[in-house]
Amino acid sequence: MARQRKINRSVAGNGILFTIMIICGIFMSLPLVMIVNNSLKPLDEIFQYPPAIFVKNPTMNNFTDLFNVMSDSWVPFSRYIMNTIIITGLGTFGHVIVASLAAYVLSKHKFPGQKILFNMVILSMMFSWTVTQIPNYMIISWLHINNTYLALILPAWQYGMGLYLMKQFMEQLPMSLMESARLDGASEYRIFWSIVMPNVKPAWLTLAIFQFQQMWGNTGSMFLRDEQLKPLQFALQQIAAGGTARAGASAAVTFIIAAVPIIFFLTCQSNVLETMTTSGIKE
Amino acid sequence: MSRNKSDSDNRDMNNDNNKAGSAASLYSLAGYTIARKQRSLFYRIKKNKISYIMMSPYFILFFLFTVLPVVMSIGLSFTYFNMLEAPTFNGWANYTKLFLNDDIFIVSLKNTLIFAVVTGPISYLLCLLFAWIINEFRPKVRAFLTLIFYAPSICGNAYMVWSLILSSDRYGYLNGILMNLGFIDEQKLWMQDADYILPCLIVVQLWLSLGTGFLSFIAGLQTVDKTLYEAAAIDGVKNRWQELWFVTLPAMKPQLMFGAVMQITQSFAVADISIQLAGNPSVNYAGATVVTHLLDYGSTRFDMGYASAIATVLFLLMVGTNKLVQRLLRRVGE
């Protein structure tokens with residue numbers, strides 16, 4: 001299939017595109033290169049001025065430093081990891097399901113209020129979140145979910161971007177796909193789960209990447225007061241904020257903070273790219 | 001878009017109802033009352049109960065955590081609110097101050113518009129171009145290349161990289177390179193010189209631009225039906241550029257729309273890189289944008305009413321731009 005698709009291609013065109021890719025790729029990979037190198041630098045290289053990009057004498061000391069700091073934290077570190085799994089896991093999974101359900105209805109059903117609701121979602125993305133933070137805090141207090149996981153998870157389920165992304169992909173599915181299932185007597189939930197969702201796999205995997213990144217980066221310090229409830233991100237940033245004495249551990253923290261979403265990204269992205277090479281669902 | 005169908009289509013998606021609807025319009029006299037009943041709002045809502053149930057989890061949360069806060073913020077924009085005392089109503093005062101009595105807002109508005117006009121379209125095209133080039137590679141290489149190009153968005157240390165490059169002493173990479181090549185005699189203070197701040201920020205923003213839109217384009221390209229390309233080759237599409245314009249882009253129009261909205265929300269809301277690299281306030285307000293101005297009032301001066309007014313103006317600006325851009329995008333592939 002991949003061979004067949006390469007029609008209408010010239011050698012010169014390929015050459016130009018590859019050159020562009022290499023030059024830009026070097027520029028774009030700078031942050032990755034720096035994070036990896038910094039985490040391997042011994043202390044004297046971290047403080048070296050002017051700073052160098054590449055490490056000369058790589059060492060794992062920064063990571064052992066970090067694990068030492070972790071092991072005598074006040075709340076056991078496994079607790080932070082647990083919190084992160086709950087918050088990030090539920091925040092990501094729940095958002096993908098809830099937003100996809102609504103996106104399915106908005107793209108494939110016709111009912112009163114449909115257009116208004118959809119436009120509201122799009123417009124809401126254009127309002128600066130900085131000023132809605134205070135009303136948001138008030139609402140969370142009214143609901144009495146302050147200082148619980150829910151204060152982070154529930155607002156994350158309704159981000160407008162997720163719904164919009166899913167809706168745009170579902171719009172491309174042919175109606176006939178659903179109609180034949182409907183004639184067979186499948187319920188709407190069943191159509192959603194076993195016909196629509198598998199066919200928009202690249203969309204929800206991409207959405208999962210965005211949402212995971214968002215949830216993973218959340219320190220939760222606005223809503224969570226109990227140390228036992230705080231996520232890994234919070235603990236790691238506390239360590240990294242330790243100043244000069246923890247410069248090594250801080251470089252290791254930066255590495256871990258970036259590495260987790262990258263692993264998640266690679267897992268999802270390779271699936272995005274794999275699924276559709278064999279498909280032919282469109283009309 | 002499929003939502004712009006005629007009124008008759010706009011009734012219902014459920015089979016039985018559709019059939020009943022067309023039957024009613026055929027037997028116009030006898031079916032008149034039935035048709036009316038079907039068109040009545042209450043009937044249509046009841047008929048589509050399942051739709052409302054399925055989207056209720058999302059929209060209940062959406063009204064609670066997005067619509068309500070936005071409405072409250074717009075309400076606050078007509079008040080004086082210092083976050084300690086209860087807000088006091090002061091009418092249009094915030095808005096008149098904003099446009100008639102706040103020079104820095106006008107500067108920041110100008111900067112934001114320059115930012116949006118330059119970075120918006122270029123970023124958008126870059127996302128599209130790179131997503132499309134990457135799609136030419138074999139799937140295994142693709143995942144790796146996507147990571148490389150998405151790296152600035154995922155690593156979160158863009159400031160670190162760019163503060164090294166734009167460092168104002170001669171050890172800064174940009175200064176070093178330019179001095180070695182003999183373009184400049186002494187180091188430039190990139191982030192402290194009002195002439196350079198905005199151009200530098202624009203470059204950094206462009207470097208950061210392969211984010212949300214980029215990934216959604218890549219996913220969108222995966223869903224383009226491969227047989228369309230073969231058909232197009234038979235129809236006489238000669239090179240990859242024609243293929244892009246006549247086949248690929250029309251097939252991924254929904255993703256293009258999505259990318260445009262994300263691009264608008266991002267390029268009008270630029271603030272982080274300006275604050276991190278140039279500071280807030282920046283030298284002579286050369287790096288001030290509407291959102292840095294908003295943050296200045298919201299989180300430094302504790303004037304939430306005024307900050308809300310800024311947010312409302314920015315919101316209207318984005319809504320207008322969105323209308324314009326969506327109209328342009330409908331013409332893709334024609």
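**Figure 1. The loop between α8 and α9 of chain A, home to A:Asn147.** In this predicted model, A:Asn147 has a phi near 65°, a positive value in a residue that isn't glycine. A:Asn147 counts as partly exposed because it has 15 C-beta neighbours inside 10 Å. The loop, which runs between α8 (129-142) and α9 (150-156) of chain A, also holds A:His144. Phi is positive there too, near 55°, and again the residue is not a glycine. Is A:His144 buried or exposed? A:His144 is exposed, because just 10 other C-beta atoms fall within 10 Å and the cut-off for exposed is 12 or fewer.

**Figure 2. A:Leu236 and what packs around it in chain A.** Look for A:Leu236 in helix α14 (residues 232-240) of chain A. A:Leu236 counts as buried because it has 24 C-beta neighbours inside 10 Å, and 20 is enough to qualify. Which residues does A:Leu236 contact, leaving aside its neighbours within four places in sequence? They are A:Val253, A:Ile256 and A:Ile257. A:Ser250 sits 14 residues from A:Leu236 along the chain, with 8.3 Å between the two C-alpha atoms.

**Figure 3. A:Ser176, an exposed residue in helix α11 of chain A.** Helix α11 covers residues 175-183, and A:Ser176 is part of it. A:Ser176 is exposed because its count of other C-beta atoms within 10 Å is 9. For a sense of distance, try A:Met70: it is 106 residues from A:Ser176 along the chain, and their C-alpha atoms are 56 Å apart.

**Figure 4. Chain A and its two assigned domains.** Domain 1 takes in 2-59 and domain 2 takes in 70-278. Their C-alpha centres are 29 Å apart. Where the two touch, domain 1 puts in 9 residues and domain 2 puts in 8. On the domain 1 side, α3 (30-40) and α4 (43-46) of chain A are the elements giving two or more residues. The largest share, 4 residues, belongs to α3(A). By class, this side of domain 1 has 6 nonpolar residues, 2 polar and 1 charged. Zooming out, chain A has 15 helices and 0 strands, and its C-alpha trace spans about 70 × 65 × 35 Å along the principal axes. Of the 283 residues in chain A, 41% are buried. Among its contacts between residues at least 6 apart in sequence, 74% link residues at least 24 apart.

**Figure 5. Where chain A meets chain B.** Chain A brings 86 residues to this contact and chain B brings 87. Which helix gives the most on the chain A side? That's α15 (residues 247-275) of chain A, with 11 residues. The chain A side comes to 54 nonpolar, 22 polar and 10 charged residues.

**Figure 6. B:Tyr58 and its partners in chain A.** Setting aside neighbours within four places in sequence, B:Tyr58 contacts A:Val98, A:Ala99, A:Leu101, A:Ala102, A:Gln158 and A:Leu163. B:Tyr58 also belongs to the largest nonpolar core, which has 149 residues. The members touching the most others are A:Leu101, A:Ala102, A:Met166, B:Tyr58, B:Ala131, B:Phe214 and B:Ile310. As a rule, nonpolar side chains in soluble globular proteins tend to be buried together.

**Figure 7. Helix α7 of chain B and its bend at B:Phe149.** This helix (residues 139-155) has 17 residues and reaches 23 Å from first C-alpha to last, close to the 24 Å expected at 1.5 Å a residue. The bend at B:Phe149 is about 50°, and B:Pro152 follows within four residues. Which residues of α7(B) are buried? Among them are B:Arg142, B:Thr146, B:Phe149, B:Tyr150 and B:Pro152. Just after α7(B) comes B:Gly156, with a positive phi near 70°.

**Figure 8. A cis peptide bond in chain B, from B:Asn280 to B:Pro281.** Omega for this bond is near 0°. B:Pro281 sits in the loop between α15 (272-278) and α16 (290-300) of chain B. For context, chain B has 17 helices and 2 strands, and 40% of its 334 residues are buried. Among its contacts between residues at least 6 apart in sequence, 65% join residues at least 24 apart.

Technical notes
Residues numbered from 1 in each chain as written. Chains lettered and ligands numbered in written order. Predicted model: local features only at pLDDT ≥ 70, side-chain atom pairs only at ≥ 80, totals over all residues. Contact = placed C-beta atoms within 7 Å. Nonpolar A, V, L, I, M, F, W, Y, C, P; charged D, E, K, R; others polar. Expected span 1.5 Å × (residues − 1). Bend = angle between axes of the 7 residues up to and from the residue. Core = buried A, V, L, I, M, F, W, Y, C linked by C-beta atoms within 7 Å. Domains from an automatic or database assignment.
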